[in-house]
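Notebook open, coffee poured. Here is what I looked up in this model, starting with the aromatic rings and then turning to surface charge.

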Amino acid sequence: MSLVWSESMSLAMPAMDHAHEELVDQLALVETASDEQVLEAWQAMIEQTAEHFAEEDRWMQATGFAPDNCHSSQHAIVLKIMREGAEKGAKGDLGVIRQMAYELTVWLPHHVSAMDAGLALHLKSVGFNTDTGQIDKIGRASCRERVSS
């Protein structure tokens, strides 16, 4: 099963959407890689995923999004499993990497539509600017107004 980016995966948050589209593209490279290239493509997938997860984790911390939340825990678990797959792949078990790539085609859309959609809603509600890493004053005021209404 090959995952293809579509607007149905969009969260109307350009920074997140762009990162998700890049993950989908890298996942496609893993799925279509030859045995000689799959380990390198998987390692690139791990690096890209780690960067994206770290960015989301920073956003959650900066905005006080559900401290000790399961979203960050899920990131850590997925990365740990991906890294274990790379270790097995380095020992010649490329089937593990191919199976993990398949599993990610199932997991990623669900993660985006559940976990990331909730984060995107939160970031928008507090006026978080993903470009600056700051909460805009306008966003804070509008959030307060909603709470007092």
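**Aromatic pairs.** I was working with a predicted model, and my search of it returned 2 aromatic pairs. The pair I followed up is F53 with W107, which meet edge-to-face. Their ring centres are 6.3 Å apart and their planes make an angle of 75°, which is counted as edge-to-face because the angle is over 60 degrees.

**What does the pair tie together?** I looked up where F53 and W107 lie. F53 sits in helix α2 and W107 in helix α4, residues 94-125, so the pair links parts that are 54 residues apart in sequence.

**Buried or exposed?** I checked F53 next. F53 has 3% relative accessibility and counts as buried, because the cut-off for that class is under 20%. W107 comes out as partly exposed, at a relative accessible area of 22%.

**Surface charge.** Then I went looking for charge and found a negative patch on the surface, made of E7, E21, E22, D25, E47 and E51. Which helices supply at least two of its residues each? I got α1, spanning 14-32, and α2, spanning 38-63. The largest share belongs to α1, with 3 residues.

**One patch member up close.** I picked E51 from the patch and placed it in helix α2, the helix that also carries F53. E51 has a relative accessible area of 59%, so I noted E51 as exposed, whereas F53 in that helix is buried.

Note on methods
Residues numbered from 1 in each chain as written. Predicted model: local features only at pLDDT ≥ 70, side-chain atom pairs only at ≥ 80, totals over all residues. Heavy atoms only, no water. Patch = residues over 30% accessible without salt bridge, like charges linked within 9 Å, V, L, I, M, F, W, Y side chains within 5 Å. Areas by Shrake-Rupley, 256 points an atom, 1.4 Å probe, with all protein chains shown as cover. Salt bridge = Lys/Arg side-chain N within 4 Å of Asp/Glu carboxyl O. Lys, Arg positive; Asp, Glu negative; His and termini not counted. Charge placed at Lys NZ, Arg CZ, Asp CG, Glu CD. Helix = DSSP H or I, 4+ residues; strand = E, 2+ residues; numbered from the N terminus. Buried < 20%, exposed > 50% of the residue type's maximum accessible area, 1.4 Å probe, protein only. Phe/Tyr/Trp six-rings, centres within 6.5 Å; stacked < 30°, edge-to-face > 60°.
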